[in-house]
Amino acid sequence: KANPKESSVDQATIQMLAKAQADNVETIFDRALTMKPCNIGEQGTCCKTCSQGPCRLPLPKKGIEGVDTRKGLCGATPETIAARNFARMVAAGAAAHSDHGRGVAEVFLAAARKETEDYGIQDVEKLLEVAVDFEVPTTVMVENEAGEKVEQERDIYKIAEEVGVKALGEWGKQEGEIYYAKRAPEARYELWKELDVVPRGIDREIVEIMHRTHMGVDQDYHNIVKQCSRAALGDGWAGSMIATDLQDIMFGTPYPIQGEINLGVLKADEVNIIVHGHEPLLSEMIVVASQDPEMLAYAKTKGAHGITLAGMCCTANEILVRHGLPIAGNYLQQELAIVTGAVDAMVVDVQCIMENIANVADCYHTKVITTNPRAMMESGHTVHIEFDEHHALEDAKRIVKEAIDNFPNRRAEPLIPNVKEKMVVGFSQEAIKYHLGGTFRGSYVPLNDNIINGRIRGIGGVVGCNNARTCHDSAHLTIVKELLKNDVIVLTTGCNAMACGKAGLLTPESAAVYCGPGLAEVCETVGIPPVLHMGSCVDNSRILMAATQVVKAGGLGKDISDLPAAGSAPEWMSEKAISIGHYFVASGVYTIFGVGLPVTGAPRLQKHLFEELEDIYGGMWDLEVDPYEHAKKMIAHIDKKRAALGLDK
Ligand code: NFS
Ligand code: SF4
């Protein structure tokens, strides 16, 4: 069994892991000890592309001497094999984000056409901005009574409909360019055109990866990596970015708001519902349903004092940044939430949902409710309540009612760890502009000034998952704290954001504790935390836009690759993280991962990703497992960019 204290640095997790073990419930932490990873897979050099394999090409123990003669049956080199595997991770990751985005676009279009009453337009200003990017006119010329032509604003829902049609069109587009490519700094867009990597359509680039990596197609790892760029850029600058934008328009753009995090947000005497997964389409409706007075009254008839709705994984981030609703925990805490015995329903949609939650739920009373036709569970104890945007609120109420009905079935007195933290979240690129702007109109110029004068040394984007192969949250926190100490402001999303929240780093007060003098001064003056929570993993697109705004504000070069900035995913595990990593690299960002990268068995591919891409994109991959070294490498890159800009002379 796993040793709780070695498995996590989070107190709530340590307590609940001990409880799970006392209750004889096996979790991922235990299995991480008994299931050892395969070293060939870890190196990226196992090929099961065709049934003549799997062909396995591990690096020889003593390294490569002379020419590397390793080959699969068909002759595939370690580079071809690892590049194909890597590309398929990009494809899967981009597909996950993009399919999420497609769902959002479909609902958005239904809302624009007023086919559903449950969704509407909330952020008109953002709609008008996005309309410009999609080349949708926001005004029309009409003749007034005097016969003069005057400009008139168009109906919001008409604009939304045209935006929705064009947005949805981005998935199936076969040629040309995605609209948002031009959102990038001009130099970046020109570079992409020169390199011929501007995505044509979101789906097309993903499908092309699947074709090229089929047996016997693309056998030049440079060319495979190039296609990775197209597909990943189609994720970052289209699939994910459209998801973020249309969600903001429908549900509101995040602005700073208070919230709470960790398993201590659950309440013993209330119905506890956890929404776990990724898509706010569902959770937004459950938010409404759980606050419905009728539902509250119903809960009381079952002996509960109220309803607590908390999030898990990126769904949590979505409802947190928009409504300030509590977060129960990040990825590795999903089983442990159930172990409290206090969760009456865990409602899941897609992505990062461990199959084992059904087994854990069997040991307690928790009802696992699947909601998405793409993601069902075989276990007989789970319930499937399919969620449809045309009667979204009705579905959400059914789900909440299931949870309430399950409240009296609790088997034992729940044990909820008394651990939670307060935090300030919701720093969209719009919010950063207003908060750091220091003027009524908001601007990125003051942020740039602080980078130029050295109070802020640079920008670190630290994001990504938890991974059961590493101590939960430990690398996240070590790296973020090292960056803060060195005056690097941190932008965060995903499970890193939650790790930071649990550790108290998302409060303005933490600036005085963790930051170097320059960054502390800036944060204290403006009243912001030194780690800015920007949302979920699809919201990494917000980081791209923030970086673009910094470039456009001037004084720090012409392109994202000129900025003193670096990206990191210390505890990554999902394929989505690889797609994100690659779109950051192709956008010009030095991007470093922890845990391991499945390219180490293919030295020439690794050199291409880690070194040669810098000459092509100005951004490149890197890998460092040790968190202190990891932070050091980020800071070294930031310093290199500062020097190139002629700062610190
Ligand atoms: Ni991102 Fe969010 Fe977390 Fe990783 Fe999973 S929840 S989409 S993939 S584990 S950060
Ligand atoms: Fe082996 Fe080539 Fe088939 Fe891969 S594609 S499994 S290397 S024969």
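This report covers two ligands and two pockets in a predicted model.

## The nickel in ligand 1

Ligand 1 holds a nickel atom, and the protein gives that atom a single donor. The donor is Cys537, through its SG atom, at 2.1 Å. Cys537 lies in a loop. Strand E15 (531-533) and helix H23 (540-553) flank that loop.

What are the angles around the nickel atom? The 4 donor atoms subtend 90 to 163°. The arrangement is therefore irregular. Tetrahedral geometry would need all angles between 85 and 135 degrees.

## The surroundings of ligand 1

Where does ligand 1 sit? It occupies the second largest cavity. The shell around ligand 1 includes the cysteines Cys313, Cys314, Cys352, Cys465, Cys495 and Cys537. His278, Tyr331, Gly464, Met573, Ser574 and Lys576 are also around ligand 1.

By class, this shell has 8 nonpolar, 3 polar and 1 charged residues.

## The surroundings of ligand 2

Ligand 2 has its own set of neighbours. Among them are the cysteines Cys47, Cys50, Cys55 and Cys74. Thr49, Gln52, Gly53, Gly72, Leu73, Ala76, Arg84 and Met215 also surround ligand 2.

How does the shell around ligand 2 divide by class? It has 7 nonpolar, 4 polar and 1 charged residues.

## The largest pocket

The largest pocket encloses about 1,100 Å³ of space. It is lined by 31 residues. Closest to its centre are Pro37, Gly41, Glu42, Arg469 and Met573. Three helices each give two or more residues to this lining: H3 (28-34), H4 (39-43) and H5 (78-112).

The lining of the largest pocket has 16 nonpolar, 9 polar and 6 charged residues. Met573 appears here close to the centre, and Met573 is also one of the residues around ligand 1.

## The second largest pocket

The second largest pocket has a volume of about 600 Å³. Its lining counts 26 residues. Which of them lie nearest its centre? They are Glu129, Asp133, Arg183, Met545 and Gln549.

Helix H6 (124-133), helix H17 (429-437) and H23 each give two or more residues to the lining of the second largest pocket. H6 supplies the largest share, with 6 residues. H23 also borders the loop that carries Cys537.

By class, the lining of the second largest pocket splits into 8 nonpolar, 4 polar and 14 charged residues.

Terms used. Residues numbered from 1 in each chain as written. Chains lettered and ligands numbered in written order. Predicted model: local features only at pLDDT ≥ 70, side-chain atom pairs only at ≥ 80, totals over all residues. Heavy atoms only, no water. Donors = N, O, S within 2.8 Å, 3.2 Å for Na, K, Ca; no water. Tetrahedral: all angles 85-135°; square planar, octahedral: opposite > 155°, others 65-115°. Helix = DSSP H or I, 4+ residues; strand = E, 2+ residues; numbered from the N terminus. Near = heavy atom within 4 Å. Nonpolar A, V, L, I, M, F, W, Y, C, P; charged D, E, K, R; others polar. 1 Å grid on protein atoms, 1.4 Å probe; cavity = no way out; pocket = protein on both sides within 12 Å on 5 of 7 lines; lining within 4 Å. Sits in = over half its atoms within 2 Å of the grid points. Points joined across faces, edges and corners; volume = space filled by probe spheres on them.
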